[in-house]
Amino acid sequence: MNQQLSNLTGKQRAIIGLAAVAGALAIFASYKIHENLDTNGIGYRYADDLVFSDNIPVVEKKKQYFDFMRPIVEAENAKVLETRHEILKAREAGKNPRWLTDTAKIYGVEWTGDEWDQLLGRVDEVPLTLVLAQSANESSWGQSKFAQLGNNMFGQWCFTEGCGIVPARRDAGKNHEVAAFSSVNHSVRAYLENINSTRAYSKLRAIRSKARKSGRTASGTELAAGLLSYSERRGEYVEEIRAMIWVNKELMVSPG
């Protein structure tokens, strides 16, 4: 092949070079289209981009962290709400499209065509303040080993060998790993699916559904009551998350 290229004129080699560049650009453009669709237009974000300067004031560190995480959480919540809207449309129209079965499976619902209320109780947003407080707590403000190496902002586990990072202090006989994600976006997405589908957080979903039926949106501090199973510290963990929301709420909800 090299000999064949050497026999070409400079103009011919230039044309081949331009064609290769054009092909690469086409692949990149296709990737960017997928990225924008997958992330609701904000692009993929990575924990190792979250770098704090030395001696940064605590308030500024918090602000930078929340400003980094907020658009990701908002984008992923928006995707959940879009799915919820489509489910409501299907129910109102009396339709049962095939994608409902796939969606129900993601959210842990055995779909026969009648589980509308159960599915809608799971396909819903998780308050921004609660997600930000848990992510900051579980990832040490994005600086933990599992965040920096695996984009894991919530300490989520996985149970397939090689699925993540083996914790140094894993008890003998245990086989869990701390999940690794290709981006922070995927970590947030997995967290929302976990909260919205796992039996352990049924109380959180019940509080949220009850609030919706009464025409209001449950707060992060209110839904924290459903996180007893998220940590072995149980009630102490719930109160710590609530305290983080109370202290940092203004920084959490105010960009810039």
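Q: In this predicted model, are Phe66 and Trp141 buried or exposed?
A: Both are buried. The word means that the relative accessible area of each is under 20%.

Q: How many aromatic pairs does a search of the whole structure find?
A: It finds seven.

Q: Why is the pair of Tyr65 and Trp141 called edge-to-face?
A: The ring centres lie 5.4 Å apart, and the planes meet at 80°. Pairing needs centres within 6.5 Å, and edge-to-face needs an angle over 60 degrees. Both conditions hold, so the name fits.

Q: What makes this pair a tie between separate parts of the chain?
A: Tyr65 belongs to helix α3, while Trp141 sits in the loop between α6 and α7 (145-150). The two parts are 76 residues apart in sequence, so the pair ties them together. Tyr65 and Trp141 are both buried.

Q: How do you know that Phe66 and Trp141 are also edge-to-face?
A: Their centres are 5.4 Å apart, with 65° between the planes. The angle is over 60 degrees, so this pair counts as edge-to-face. Phe66, in helix α3, is 75 residues from Trp141 in the loop between α6 and α7.

Q: Which residues do ring pairs link into a cluster here?
A: Tyr65, Phe66 and Trp141.

Q: How many salt bridges does the structure hold?
A: It holds 14.

Q: Why is the contact of Lys79 with Asp38 called a salt bridge?
A: The distance from N to O is 3.9 Å. The limit is 4 Å, so the pair qualifies. Lys79 lies in helix α3 (residues 58-93) and Asp38 in helix α2 (residues 10-39), so the bridge ties together parts 41 residues apart in sequence.

Q: What makes Asp38 buried?
A: Its relative accessible area is 14%. That is under 20%, so Asp38 is buried. Lys79 has 21%, so it falls in the partly exposed range.

Q: Which residues are linked with Asp38 in a network of salt bridges?
A: Glu76, Lys79 and Arg189.

Q: How do you know that Arg212 and Asp124 form a salt bridge?
A: Their closest N and O atoms are 2.5 Å apart. That is within 4 Å, so the bridge counts. It links helix α9 (residues 202-213), home of Arg212, to Asp124 in the loop between α5 (116-122) and α6 (128-139). The two residues are 88 residues apart.

Q: Why is Asp124 called buried?
A: Asp124 has 3% relative accessibility. The cut-off is 20%, so it counts as buried. Arg212, at 37%, is partly exposed.

Notes
Residues are numbered from 1 along each chain as its sequence is written. This is a predicted model: local features need pLDDT of at least 70, side-chain atom pairs count only at pLDDT 80 or more; totals for chains, interfaces and linings use all residues. Side-chain values use heavy atoms; hydrogens and water are left out. A salt bridge is a side-chain nitrogen of Lys or Arg within 4 Å of a carboxyl oxygen of Asp or Glu. Helices (H or I, at least four residues) and strands (E, at least two) are DSSP runs, numbered from the N terminus. Buried means under 20% relative accessible area, exposed over 50%, partly exposed in between (1.4 Å probe, protein chains only). Rings of Phe, Tyr and Trp (its six-membered ring) pair if their centres lie within 6.5 Å; planes under 30 degrees apart count as stacked, over 60 as edge-to-face and the rest as tilted.
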